[in-house]
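This briefing covers a few local features of one protein structure. Please have the sequence and the coordinates at hand while reading.

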Amino acid sequence: MRAMQNFHPRHFAIVPAAGSGSRMGASQPKQYLELLGKPLIRHSLEVLCATPEIDKVFVVLSVGDAEWKRHDWSGLGPKLVPLFCGGATRADSVLGGLRAIVREAEQSDWVLVHDAARPCLARWHIEKLIRDLAHDEVGGILAVPVADTLKRSDAHRHVLETVPRDSLWQAQTPQMFRYVMLRRALEAASNVTDEASAIEAAGLRPRLIEGDATNLKVTYPLDLHLAEWILTNRDSR
């Protein structure tokens with residue numbers, strides 16, 4: 001345990017990667033699909049491991065994941081630690097990761113949870129999140145304001161109404177919260193689709209940190225082409 005008078009919270013990243021990615025229609029989990037000659041997940045892992053503020057990067061994999069060991073991850077350095085304790089849902093995997101690092105993380109250390117399927121994460125995304133939330137009591141998430149007009153449909157895909165987009169944001173990752181706060185929130189509300197939802201269920205209000213649309217999530221085959229374009233053009237600049 002670190003002495004409280006000298007306590008400086010550390011930052012740990014958790015990347016849940018136990019999913020199958022069924023909507024991609026591929027023969028392997030989407031985190032291993034090739035993107036610019038690398039497994040898709042490697043792009044964000046490289047950025048996380050290269051960010052000085054991040055102390056360790058834990059990848060939560062399914063117990064039977066054999067694909068991970070087929071790739072060479074040594075170039076990412078000692079920060080990268082695989083954990084074979086993934087669950088049936090994202091929340092289960094994140095909670096499993098939090099439990100696995102209980103001897104390493106202090107209660108007030110920060111945990112940044114990032115989607116394995118967001119390969120276009122940039123270092124400035126992480127640095128802005130850490131900087132803007134450094135003194136926040138709850139934590140928060142990267143997000144972008146909703147720009148499109150939103151429609152609510154009925155069961156037959158007919159428009160029921162137009163939903164006002166004022167004050168609506170599209171959640172992204174990383175999502176950053178204190179270790180003990182996030183663990184308790186997920187233990188109490190495991191049926192959630194992201195970490196912020198668990199924190200909200202605990203009666204707290206995560207802060208929205210504005211990112212940008214390049215931090216996209218690869219869900220459908222077309223998204224792979226968009227991610228390739230973003231990474232190629234970002235590198236060229």
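The points below concern one strand and its pairing, one helix, and one loop residue. The model is predicted.

**Strand β1 and its partners**
- Strand β1 spans residues 11-16, and 6 of its 6 residues are buried, so the strand is largely enclosed by the rest of the structure.
- In a regular strand, side chains alternate between the two faces of the sheet.
- In β1 both faces are covered: on one side H11, A13 and V15 are buried, and on the other F12, I14 and P16 are buried.
- β1 and strand β6 (residues 110-113) run parallel and are joined by 4 bridges.
- Within that pairing, I14 stands opposite V113 of β6.
- β1 and β4 also run parallel, joined by 5 bridges.
- Here V15 stands opposite V59 of β4.

**Helix α1**
- Helix α1 covers residues 40-50; 9 of its 11 residues are buried, so this helix is largely enclosed by the rest of the structure.
- The buried residues include the hydrophobic L40, I41, L45, V47 and L48.
- R42, H43, S44 and C49 of α1 are buried as well.

**Loop residue E67**
- E67 sits in the loop that links β4 (56-60) to β5 (80-83).
- The relative accessible area of E67 is 18%; since buried means under 20%, E67 counts as buried.
- A polar contact of 2.7 Å joins the side chain of E67 to the side chain of R70.
- Setting aside neighbours within four places in sequence, E67 is in contact with Q28 and Y32.

Technical notes
Residues numbered from 1 in each chain as written. Predicted model: local features only at pLDDT ≥ 70, side-chain atom pairs only at ≥ 80, totals over all residues. Heavy atoms only, no water. Buried < 20%, exposed > 50% of the residue type's maximum accessible area, 1.4 Å probe, protein only. Helix = DSSP H or I, 4+ residues; strand = E, 2+ residues; numbered from the N terminus. Polar contact = N/O pair within 3.5 Å; in protein donor to acceptor, adjacent residues only side chain to side chain. Contact = heavy atoms within 4.5 Å. Pairing = 2+ DSSP bridges.
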